[in-house]
Amino acid sequence: MTGLVVQNTGSFYQVKIDENLTLTAKLKGNFKLNDTRTTNPIAVGDVVDLEPPEDRDGERVAWITAIHPRRNYIIRRSSNLSKQSHIIGANIDRLLLLVTVNYPFTSTTFIDRYLATAEAYNIEAALVFNKLDRYNDRDLTKLRGLVHLYERLGYPCFEVSAKSGKGMEEVKAYIEEGITLLSGHSGVGKSTFINALVPDAHLRTHEISEIHNTGMHTTTFSEMIPYGEKENTYLIDTPGIKGFGTVEFEKEEVGHYFREIFDLSKDCRFNNCTHTHEPGCAVYQALNEGNISKSRYQSYLSILKDQDDSKYRL
């Protein structure tokens, strides 16, 4: 039988077979991992083959025997020093990255790494700037600047307060069909955001640490939540993450995943230009003339550094 992985709690998976049947499953002992270096060989959103459930040690468990080819996925390096990677979600139609300019702070480096990964795997991406209800004038000025930057690059941006409901109708219209992966730092309000979209989800929420202005985990595993009235429409709730290390990028391709750098690179003198030191570099010229964002360029350089030393910065 074939099913959709809708929850991953570590060693066990919940696999949806049809509208009326979801099975608890584990990996079959001879499951072929194909030398995978990911911490999770099976991800939420995967389509898998299973053997029928049987009783083992008092538990009724089905066995996953194969995984179907993925059409895409979002992947990150597991930690600053790890060479392993973690698949956040597979077979998705779009990514919603929840961002807060404060309470807690989300860096442009974090945003750009996520967007570059979405570009690499041909996944539509949008930014949701949450917690409008908390921002002072300085926060709002910064918010407007970020929205201007990313909308100019073609990324949809939503300004919302999940707590009050402001701006949520626009988000609902955007995600009304398909599979949407939600991600962001701990504390940006993912659980409150999902509860606003799916009131009967009843996800736990937690205040951020006011001392450190950082979030505390409330979601501990990834889960697909049915959304709306259309068939095969889900939200993937994911645990909050601190940093996002890129993997599977070839150094010479990194510029392809930054829209403005890719567009300008056509005018560089050398077709293998790295946009770091070469003469006749159109990207570097645009940077010096203020025509591309310094923060985006710094994010580009930080990903290049990833490929050099297998480490990443937040």
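**Exercise 1. In which helix is Ala286 found?** Describe the surroundings of Ala286 as well.

*Solution.* The model is a predicted one, in which local features need pLDDT of at least 70 and side-chain atom pairs count only at pLDDT 80 or more, while totals for chains, interfaces and linings use all residues. Residues are numbered from 1 along each chain as its sequence is written, and side-chain values use heavy atoms, with hydrogens and water left out.

Step 1: Ala286 is found in helix H6, residues 282-288, where helices (H or I, at least four residues) and strands (E, at least two) are DSSP runs numbered from the N terminus. Step 2: with a relative accessible area of 6%, Ala286 is buried; buried means under 20% relative accessible area, exposed over 50%, and partly exposed in between, with a 1.4 Å probe and protein chains only. Step 3: leaving aside neighbours within four places in sequence, Ala286 is in contact with Leu264, Asn291 and Ile292, contact meaning heavy atoms within 4.5 Å. Step 4: Glu260 is 26 residues from Ala286 in sequence, and the two are 9.9 Å apart in space, C-alpha to C-alpha.

**Exercise 2. Determine how helix H4 is placed, and name the elements against which its buried residues pack.**

*Solution.* Step 1: the buried residues of H4 are Lys190, Ser191, Phe193, Ile194, Asn195 and Leu197. Step 2: because six of the eight residues of H4 (residues 190-197) are buried, the helix is largely enclosed by the rest of the structure. Step 3: these buried residues pack against strands S8 (94-99), S9 (124-129), S11 (179-183), S12 (222-226) and S13 (234-237), and against helix H3 (168-174).

**Exercise 3. Work out the pairing and the facing of strand S13.**

*Solution.* Step 1: S13 pairs with S11 in the parallel sense over three bridges, and with S12 in the antiparallel sense over four bridges; two strands pair if DSSP finds at least two bridges between them. Step 2: Ile236 in S13 is the bridge partner of Leu181, and Met224 also stands opposite Ile236. Step 3: in a regular strand the side chains alternate between the two faces of the sheet. In S13, Tyr234 and Ile236 point one way, Leu235 and Asp237 point the other way, and all are buried.

**Exercise 4. Which residues touch the most other members of the largest nonpolar core?**

*Solution.* Step 1: a nonpolar core is a set of buried Ala, Val, Leu, Ile, Met, Phe, Trp, Tyr and Cys residues joined through side-chain atoms within 4.5 Å. Step 2: of the 44 residues in the largest core, Ile74, Tyr114, Leu127, Phe129, Tyr150 and Met224 touch the most other members. Step 3: a second, separate core of 20 residues includes Leu182, Val188, Leu197 and Tyr227.

**Exercise 5. Examine Ser183 and the polar contact that its side chain makes.**

*Solution.* Step 1: Ser183 lies in strand S11 and is buried, with a relative accessible area of 1%. Step 2: its side chain makes a polar contact of 2.3 Å with the side chain of Tyr114. A polar contact is a pair of N or O atoms within 3.5 Å; within protein, one must be able to donate a hydrogen and the other to accept it, and residues adjacent in sequence count only if both atoms are side-chain atoms. Step 3: leaving aside neighbours within four places in sequence, the residues in contact with Ser183 include Leu95, Lys190 and Thr238.
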